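Student: Please take a close look at one surface loop, then carry on to the ligand. Which residues matter for each?

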Amino acid sequence: MKPAIHVLNGPNLNLLGTREPETYGRETLADIEARLTATAGAAGFDILFRQSNHEGDLVDWIQEAARTGAAIILNAGAYTHTSIALRDAISGSNAHVIEVHLSNVHAREDFRHVSLIAPVAAGVILGFGSLSYDLALHGLLAKASQPKS
Ligand code: DQA
């Protein structure tokens, strides 16, 4: 069985492509999923790509990924800035999470400058538009191919 990487997307990311394109670009979540699936597949990894507008779904999916030993690329959307439940899901399940954002949240409103996820994430990539997801995947694949020290 191929190892899996779970890509989890939070609220309103189902609207990518039409949602504030000046901030988030014109690519849809399906476009990103297709690209990541191809890249991961070429490296021998499966991608499980999910989106939910509901915090509890994301909590369940983080726990599930951790249980199965899958690394997570997580764009928690606005829950990034508010959700103690997501943070606790990551720290409580020892999930290996790379936090991603399309936009540079630090160049935006003050309420976006705080991430409750970042302190429990293995890494954070933001501000590259949809390429943030690709960069996170490349990072995970490069790490996976490094000899264990
Ligand atoms: C986002 C940034 C968040 O502040 C916002 O609520 C989103 C998208 C991003 O990818 O840039 O929904 O996570």
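Tutor: Start with Phe128, which sits in the loop between strand E5 (123–126) and helix H5 (131–145) (DSSP runs, at least two residues for strands and at least four for helices). The model is predicted: local features need pLDDT of at least 70, side-chain atom pairs 80 or more, while totals for chains, interfaces and linings use all residues. Numbering runs from 1 along each chain, and side-chain values use heavy atoms, without hydrogens or water.

Phe128 joins Leu131 and Leu135 in a nonpolar surface patch of about 280 Å² (residues over 30% relative accessible area, no salt bridge, nonpolar side chains joined within 5 Å; a salt bridge is Lys or Arg nitrogen within 4 Å of an Asp or Glu carboxyl oxygen).

Now the ligand. Residues around it include Tyr24, Asn75, His81, His101 and Arg112 (a heavy atom within 4 Å). Polar side-chain atoms of Ser103 and Arg19 lie 2.6 Å and 3.0 Å from ligand oxygen atoms. Ala78 uses a backbone N or O atom, 3.2 Å from a ligand oxygen. Taken alone, the ligand exposes 320 Å², and the protein buries 99% of that (Shrake-Rupley, 1.4 Å probe).

Conventions. Patch = residues over 30% accessible without salt bridge, like charges linked within 9 Å, V, L, I, M, F, W, Y side chains within 5 Å. Salt bridge = Lys/Arg side-chain N within 4 Å of Asp/Glu carboxyl O. Polar contact = N/O pair within 3.5 Å; in protein donor to acceptor, adjacent residues only side chain to side chain.
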